[in-house]
Amino acid sequence: MDMLTPHPSRDTTITRPDELLVLVLQGGGALGSYQAGVFEALAEYEAMPDWIAGISIGSINAVLIAGNRPEDRVAALRSFWHTISSLVVFDPPVPGVVARSLFNEASATASALFGIPGFFAPRFPPTYLGKSSSPGRLSYYDTSPLRETLLRFCDFDYLNAQGPRVSLGAVNVRTGNFCYFDSEDTRLGPEHVMASGALPPGFPPVEIDGEWYWDGGIVSNTPLKYVLERDYDHDMVAFQIDLFPSRGALPTSMEEVSQREKDIRFSSRTRLGTDLIKERQRERRAVHRLLEKLPDELKDDPDVRFLRERENDACVTIIHLIDRVREYSRDSKDYEFSRHSVDERWSDGYQDAMCTLTHPDFVNRKKPELAVEVLDLTRGEQETRKKTR
């Protein structure tokens with residue numbers, strides 16, 4: 001399907017007929033099951049994404065969606081997340097914030113010591129104690145199990161031939177440049193997904209066409225800017241599903257300092273990027289209106305032709321969904337893969353998405369007047385719900 005044409009799905013409250021539906025999936029390790037829950041809610045509305053952009057765990061969720069037929073996408077996500085949460089499948093033995101914090105820390109420690117089934121395993125014997133003959137062995141963990149898991153749950157032939165457009169962010173280790181592997185011009189395979197999620201020093205870089213790549217989150221953890229720079233000709237509704245909140249309480253302990261620092265580090269570019277995008281899109285629409293006012297004798301002017309290649313009258317509605325901090329969260333939350341936590345985050349994503357999809361401000365939304373509108377419709381309900389658990 002041509003990504004420039006909105007999917008011919010039936011009319012729903014999610015998109016207008018002339019809008020592209022885009023999913024923007026941030027990195028965040030174990031927190032990524034929140035994105036899967038959001039997609040389950042979208043799937044219940046028979047939403048057909050035209051484009052999915054992801055980084056790190058967002059890249060994995062992206063290909064699991066795009067690499068399966070619409071009716072199989074939620075099941076593929078569920079199977080993947082049940083596979084990688086199979087190390088700790090029992091629930092916390094006692095209730096309470098303190099007990100839950102201890103349970104999560106024990107689960108995260110188990111992940112660090114033993115790895116995650118179908119995802120990564122500790123290197124034994126270690127290959128990182130000295131120089132290595134291959135950059136692909138410079139890491140604490142071996143991620144080769146992830147390749148087999150991706151091939152098991154994602155049909156890359158379907159993704160490249162029939163699936164929605166997919167863009168995966170990574171960083172070139174040698175040059176330090178940010179790049180995207182995009183199905184519009186590249187045949188994607190498991191190596192592109194693994195490159196996008198190769199966070200050092202835990203995971204090794206991945207070689208593609210003679211170059212080595214690390215996790216895109218090193219440079220930018222949210223691919224929204226890429227989406228809007230690559231296609232600013234069409235109206236879009238973009239679901240930006242973030243796993244680290246920018247807002248948070250002032251830390252009261254060193255443990256909270258570590259978590260707050262991580263949240264800010266992986267969310268700050270989301271705020272900056274959104275502000276820049278809003279200003280850029282307003283400029284493009286202003287140029288569009290100005291060019292429409294020019295007399296005919298100026299329309300072939302070289303400067304006018306230059307501006308016409310860069311102007312548009314498109315609008316973007318960004319639906320911001322954020323997995324916010326829980327009372328028992330710690331800085332190990334992104335590698336805490338217990339089944340209980342994975343299912344809980346999935347449920348949070350589903351509930352937050354349903355809250356948004358049924359919210360009057362979303363259902364009754366109109367084309368933004370100022371080029372870009374950001375809707376975060378779950379903040380109050382979400383923060384209250386987290387505190388009462």
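Trainee: In which hand does α1 pass α3?

Mentor: Look along the two helices where one lies over the other, and ask which way the near one is turned from the far one. In this predicted model, α1 passes α3 in a left-handed crossing.

Trainee: At what angle do the axes of α1 and α3 cross?

Mentor: Each helix has a direction, from N to C, and the angle compares those directions. Here the axes of α1 (residues 33–44) and α3 (residues 73–84) come within 10 Å and cross at roughly 160°. Angles over 145 degrees count as roughly antiparallel, and α1 and α3 are therefore roughly antiparallel to each other.

Trainee: Which residues of α1 and α3 meet?

Mentor: From α1 come Ser 33, Ala 36, Phe 39, Glu 40 and Ala 43, and they meet Arg 73, Val 74, Leu 77, Arg 78 and Trp 81 of α3. Sorted by class, this contact has six nonpolar residues, three charged and one polar.

Trainee: Let's try a pocket next. How much space lies in the largest pocket?

Mentor: About 730 Å³. The lining has 37 residues, and those closest to the pocket's centre are Gly 29, Leu 199, Phe 203, Asp 334 and Tyr 335.

Trainee: Which helix supplies the largest share of that lining?

Mentor: That is α9, with four residues. At least two residues each come from α2 (57–66), α4 (97–114), α7 (190–196) and α9 (254–292).

Trainee: And how do the lining residues divide into nonpolar, polar and charged?

Mentor: Nicely asked! The lining of the largest pocket has 22 nonpolar residues, 10 polar and five charged.

Technical notes. Residues are numbered from 1 along each chain as its sequence is written. This is a predicted model: local features need pLDDT of at least 70, side-chain atom pairs count only at pLDDT 80 or more; totals for chains, interfaces and linings use all residues. Side-chain values use heavy atoms; hydrogens and water are left out. Axes are lines fitted to C-alpha atoms, for helices over the stretch in contact, and angles run from 0 to 180 degrees between N-to-C directions. Angles under 35 degrees count as roughly parallel, over 145 as roughly antiparallel, 65 to 115 as roughly perpendicular and the rest as oblique. Contact means heavy atoms within 4.5 Å. Ala, Val, Leu, Ile, Met, Phe, Trp, Tyr, Cys and Pro count as nonpolar, Asp, Glu, Lys and Arg as charged, and the others, Gly among them, as polar. On a 1 Å grid over the protein atoms alone, a cavity is a set of points where a 1.4 Å probe fits but cannot get out, and a pocket is an open set with protein on both sides within 12 Å along at least five of seven lines; lining residues have an atom within 4 Å of a point. Grid points are joined across faces, edges and corners, and a volume is the space filled by probe spheres set on the points.
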